[in-house]
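I opened the model to look up its charged pairs, its surface patches and its overall make-up. The entries below are in the order I made them.

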Amino acid sequence: MSIVAQLAAEEKMNPLLPNWPEIVIGLLCFFIVFGLLGKKLLPSIEKVLSERRDAIEGGMERAEAAQAEAQALLEQYRAELAEARHEAARIVEQAREQGAAQLAEMREEGQRQREAIVAAGHAQIEADKKQATAALRQDVGSLATQLASRIVGESLEDSARQSGVIDRFLDELEAKAAVAQGAAK
């Protein structure tokens with residue numbers, strides 16, 4: 001064998017050296033498949049990716065809009081809550097003021113009732129005092145007349161004279177008592 005034949009045989013046997021017709025056919029098939037995939041499959045893949053990107057971006061925009069709306073509602077609820085707290089404080093203060101006014105009114109009414117009761121009590125005491133004084137005058141007069149009748153030994157039943165004497169005697173006693181009270185003060 002000749003050296004050229006031997007090199008050609010070695011060349012056929014070397015797996016690292018490619019066979020040129022196979023490379024050309026492989027490249028031609030690769031470009032055909034690549035072209036078909038690029039024309040048919042790549043636009044549909046690009047369309048699906050675009051739809052996903054739009055869906056994701058739209059979802060993010062919707063999420064941001066929902067978050068902004070939730071934040072606005074939260075602020076509105078906080079404002080309503082603050083207003084409700086203010087209203088509750090105002091109602092409590094108003095109730096406190098009404099309670100204080102009712103308490104003052106009840107105290108005034110109690111004071112008026114107490115004064116009326118005291119005045120009625122004083123009037124009753126004065127009436128009882130006058131009644132007791134009159135009854136006492138009558139009893140003292142009757143006893144004094146009986147005692148004087150026993151001492152004198154004759155009947156002093158003349159009521160006009162008897163009542164004049166008794167009244168004069170009691171008036172003198174009251175005058176002496178008034179003078180004694182004036183000196184004691």
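I started with Arg112 and Glu109, which sit 3 residues apart in helix α2, so about one helical turn separates them. Their side chains meet in a salt bridge, at 2.6 Å from N to O. The model is a predicted one, and I read the distance as a computed value. I then checked how open the two residues are. Arg112 has a relative accessible area of 45% and is partly exposed. Glu109 comes out at 34% relative accessibility, so Glu109 counts as partly exposed too, given that the class runs from 20% to 50%.

Next I looked up Glu93 and Arg96. The two side chains form a salt bridge, with N and O 3.1 Å apart. Both residues are in helix α2, and because they are 3 residues apart, about one turn of the helix lies between them. Glu93 is partly exposed, with a relative accessible area of 36%. Arg96 has 52%, and since the cut-off for exposed is over 50%, Arg96 is classed as exposed.

The next pair was Arg78 and Glu75. I found a salt bridge here as well, with the closest N and O atoms 3.6 Å apart. The limit for a salt bridge is 4 Å, so this pair is counted. Arg78 and Glu75 are both in helix α2, at a spacing of 3 residues, or about one turn of the helix. Arg78 is partly exposed at 48% relative accessibility, and Glu75 is partly exposed at 39%.

How many salt bridges does a search of the whole structure find? I noted 4.

I moved on to charge on the surface. Which residues gather in a patch of negative charge? They are Glu51, Asp54, Glu57, Glu61 and Glu64. I took Glu64 as the one to check. Glu64 is located in helix α2, which covers residues 20-152. Its relative accessible area is 53%, so Glu64 is exposed. A patch residue needs over 30% relative accessible area, so Glu64 passes on that count.

I then noted a nonpolar patch on the surface. Its members are Val33, Leu37, Leu41, Leu42, Ile45 and Leu49. Together they have about 510 Å² of accessible area. I checked Leu42, which is in helix α2. Leu42 has 48% relative accessibility and therefore counts as partly exposed.

I looked up the UniProt record as well. The unreviewed entry lists residues 20-37 under "transmembrane region". In the model, the span of residues 20-37 is 100% helix and 0% strand. The C-alpha atoms at its two ends lie 25 Å apart. Val33 and Leu37 of the nonpolar patch have numbers within the listed range.

Last, I took totals for the protein. What pattern does the protein follow along the sequence? I read α-α-α, with 3 helices and 0 strands in the count. Of the 185 residues, 3% are buried. Buried here means under 20% relative accessible area. The accessible surface of the protein is about 16400 Å². Carbon and sulfur atoms account for 63% of that surface.

Technical notes
Residues numbered from 1 in each chain as written. Predicted model: local features only at pLDDT ≥ 70, side-chain atom pairs only at ≥ 80, totals over all residues. Heavy atoms only, no water. Patch = residues over 30% accessible without salt bridge, like charges linked within 9 Å, V, L, I, M, F, W, Y side chains within 5 Å. Areas by Shrake-Rupley, 256 points an atom, 1.4 Å probe, with all protein chains shown as cover. Lys, Arg positive; Asp, Glu negative; His and termini not counted. Charge placed at Lys NZ, Arg CZ, Asp CG, Glu CD. Helix = DSSP H or I, 4+ residues; strand = E, 2+ residues; numbered from the N terminus. Buried < 20%, exposed > 50% of the residue type's maximum accessible area, 1.4 Å probe, protein only. UniProt positions renumbered as here; feature names shortened; annotations may be inferred.
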